[in-house]
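User: I've got a model open and want a quick tour before I go back to the bench. Can you walk me through it?

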Amino acid sequence: MRITGGKLKGRVIKCPDGVIRPAMDRMRESVFAILGDLDGKSWLDLFSGSGTIAIEAVSRGASHVELCEKDRIKVNTVLENVKVTEKECGVKIQCHFMPVEYFIKRCKNQFDYIFFDPPFPYKFHEQLIADADKKGILKTDGMIMVHRPEEHFMPEKIGNLTRCDQRIYGRSIVDFYKY
């Protein structure tokens, strides 16, 4: 896996052991192009895997970045990827190793962007977005993105959030939600 844009463009990210479905380069590049300039923005990467999405956000200018991954097998690789990024960009990525559901319940920060990339068999996409909305971890002018398989339906409206865009990448879809 490589970073597709920004300061770290072309940098190779190590892939951890265990089950992983890395976000396709084409999908990542497209999502970040849609979002535009991330300078000074905050980013939360949920179901982080290798940390690639969080690192891509830093590479493209995000100044406050956090990630959450529950799979303990991935911890060392994520920390190694993040450490190299911090040295190169000077931005600390805060890492949380716990279930995303638990992280959302105890999160005290708000973010401009929240990216959900659960394993494709995961069935609680809508509930997690509703929980993030209720908890208030998305800034008023922020956006939630969720990467999912095409066979998993997502509604137009979840709580106070409305789908404002949808992009299709092969058999996967990224839905964009805003207040």
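**Helix α3 and beyond**

Analyst: Let's begin with α3, where Val 75, Thr 77, Val 78, Asn 81, Val 82, Thr 85 and Cys 89 are buried. Keep in mind that this is a predicted model.

User: Why do those buried residues sit on the same side of α3?

Analyst: They cover an arc of only 165° around the axis, so they fall on the same side of α3. In general, an α-helix has 3.6 residues a turn, so residues three or four places apart point the same way.

User: And which residues are exposed on the other side of α3?

Analyst: Asn 76, Lys 83 and Lys 87 are exposed there.

User: What covers the buried residues of α3?

Analyst: The cover includes α2 (52-59), β2 (64-68) and β3 (93-96).

User: How many residues does α3 have, and what is its reach from first C-alpha to last?

Analyst: α3 spans residues 75-89, which is 15 residues. Its reach is 21 Å, close to the 21 Å expected at 1.5 Å a residue. Just after α3, Gly 90 takes a positive phi of about 75°.

User: Back to Cys 89. How many disulfides are there in the whole structure?

Analyst: Zero, from a search of the whole structure.

User: Why no bond for Cys 89?

Analyst: Its closest cysteine sulfur is in Cys 95, and that is 14 Å away, too far for a bond. A disulfide needs the two sulfurs within 2.5 Å. Cys 89 is also buried, with a relative accessible area of 13%.

User: What about Cys 164, buried or partly exposed?

Analyst: Partly exposed, at 43% relative accessibility.

User: New topic. Where is Thr 4?

Analyst: Thr 4 is in the segment before α1 (25-35). Its relative accessible area is 10%, and it counts as buried because the cut-off is under 20%.

User: Which side chains make polar contacts with Thr 4?

Analyst: The side chain of Glu 56 joins that of Thr 4 through a polar contact of 2.8 Å. The Arg 60 side chain makes one of 3.0 Å with Thr 4. Leaving aside neighbours within four places in sequence, Thr 4 also has Lys 9, Asp 25, Arg 28 and Glu 29 among its contacts.

User: On to the largest nonpolar core. Which residues have the most contacts inside it?

Analyst: Val 31, Leu 35, Leu 38, Trp 43, Ile 93 and Met 145. This core has 31 residues. Elements giving it two or more residues are α1, α2, β2, α3, β4 (111-116), β5 (138-149) and β8 (172-178). The largest share, five residues, comes from α2.

User: Is there another core apart from that, and what is in it?

Analyst: Another core of 25 residues lies apart from it, with Cys 107, Ala 130, Val 146 and Tyr 177 among its members.

User: What does Met 145 touch?

Analyst: Not counting residues up to four places away in sequence, its contacts include Val 31, Leu 35, Trp 43, Tyr 113 and Phe 176.

User: Last stop, the loops. Where is Pro 118?

Analyst: In the loop between β4 and α5 (125-135). Pro 118 is buried, at 1% relative accessibility. Its C-alpha is 5.3 Å from that of Phe 47, 71 residues apart along the chain.

User: And Met 154, which loop holds it?

Analyst: The loop between β5 and β6 (157-158). Met 154 is buried, with a relative accessible area of 1%. Outside its neighbours within four places in sequence, Met 154 is in contact with residues including His 125, Ile 129, Val 146 and Tyr 177.

Methods:
Residues are numbered from 1 along each chain as its sequence is written. This is a predicted model: local features need pLDDT of at least 70, side-chain atom pairs count only at pLDDT 80 or more; totals for chains, interfaces and linings use all residues. Side-chain values use heavy atoms; hydrogens and water are left out. Helices (H or I, at least four residues) and strands (E, at least two) are DSSP runs, numbered from the N terminus. The expected span of a helix is 1.5 Å times one less than its number of residues. Buried means under 20% relative accessible area, exposed over 50%, partly exposed in between (1.4 Å probe, protein chains only). The arc is that of the directions from the helix axis to the C-beta atoms. Contact means heavy atoms within 4.5 Å. A polar contact is a pair of N or O atoms within 3.5 Å; within protein, one must be able to donate a hydrogen and the other to accept it, and residues adjacent in sequence count only if both atoms are side-chain atoms. A nonpolar core is a set of buried Ala, Val, Leu, Ile, Met, Phe, Trp, Tyr and Cys residues joined through side-chain atoms within 4.5 Å.
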